[in-house]
Amino acid sequence: MKNILILCTGNSCRSQMAHGYLNILTKGKANIYSAGIETHGLNTGAVSIMKGDDIDISDHTSNHVDEYAQIDFDIIITVCDHANENCPYIPSMNALRLHHNFFDPSKVMGSDQEKYDAFLKASTEIKNYVKDFVNTHFASSKL
């Protein structure tokens, strides 16, 4: 079973959404972890938008990457430039390291509709990336 880490700045939004999609789409073929180089708590907008895909991430916690220092990861995915550029050393020597800078909906100011649209945009980007990732790395999974 593969160990996959999704890393972001605060482990509150983008990494949490990716964690939720990976949990569902890998169908138990991987242990999924998400963490931040800081912890910002779980973003309620992320929780809400994921419900639209029938994925409940409300029990997720915002974790610091150091909490997983003893885990040998097979794949590490950074989902924002800040985490990619400031990531502390992760001692998974053979890990495949991937990076994709997803749109950050938590930075959007505006009406409720504008915020919703921002979270929908981010979740769609992340869902499509995760589907492609799973198709590449878990070829037998049918999405």
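A crossing of two helices is called right-handed if the near helix is turned clockwise from the far one by less than a right angle. That term will be needed once the sheet has been described. The model shown here is predicted.

Start with the strands. Four of them form an open sheet in the order β2-β1-β3-β4, and their pairing is parallel. The edges are taken by β2 (30-36) and β4 (96-99); each has a single partner strand, so one side of each lacks a neighbour in the sheet. From one strand to the next, the twist averages 20°.

Within the sheet, look at β1 (residues 2-8) and β3 (residues 75-78). These two strands run parallel and are joined by four bridges. One place to look is Leu7, which stands opposite Thr78 in β3.

Next come the helices. Helix α1 (residues 14-25) packs on the sheet, where it touches β1 and β2. The direction of α1 makes about 175° with that of β2.

Helix α1 also meets helix α2 (residues 44-51): their axes come within 9 Å and cross at roughly 30°. Angles under 35 degrees count as roughly parallel, and α1 and α2 are therefore roughly parallel to each other. The crossing in which α1 passes α2 is right-handed, in the sense defined at the start.

Which residues make this contact? From α1 they are Met17, Gly20 and Tyr21, and from α2 they are Ala46, Ile49 and Met50. Sorted by character, the residues of the contact of α1 with α2 comprise five nonpolar, one polar and no charged.

Terms used:
Residues are numbered from 1 along each chain as its sequence is written. This is a predicted model: local features need pLDDT of at least 70, side-chain atom pairs count only at pLDDT 80 or more; totals for chains, interfaces and linings use all residues. Side-chain values use heavy atoms; hydrogens and water are left out. Two strands pair if DSSP finds at least two bridges between them. Axes are lines fitted to C-alpha atoms, for helices over the stretch in contact, and angles run from 0 to 180 degrees between N-to-C directions. Contact means heavy atoms within 4.5 Å. Angles under 35 degrees count as roughly parallel, over 145 as roughly antiparallel, 65 to 115 as roughly perpendicular and the rest as oblique. Ala, Val, Leu, Ile, Met, Phe, Trp, Tyr, Cys and Pro count as nonpolar, Asp, Glu, Lys and Arg as charged, and the others, Gly among them, as polar.
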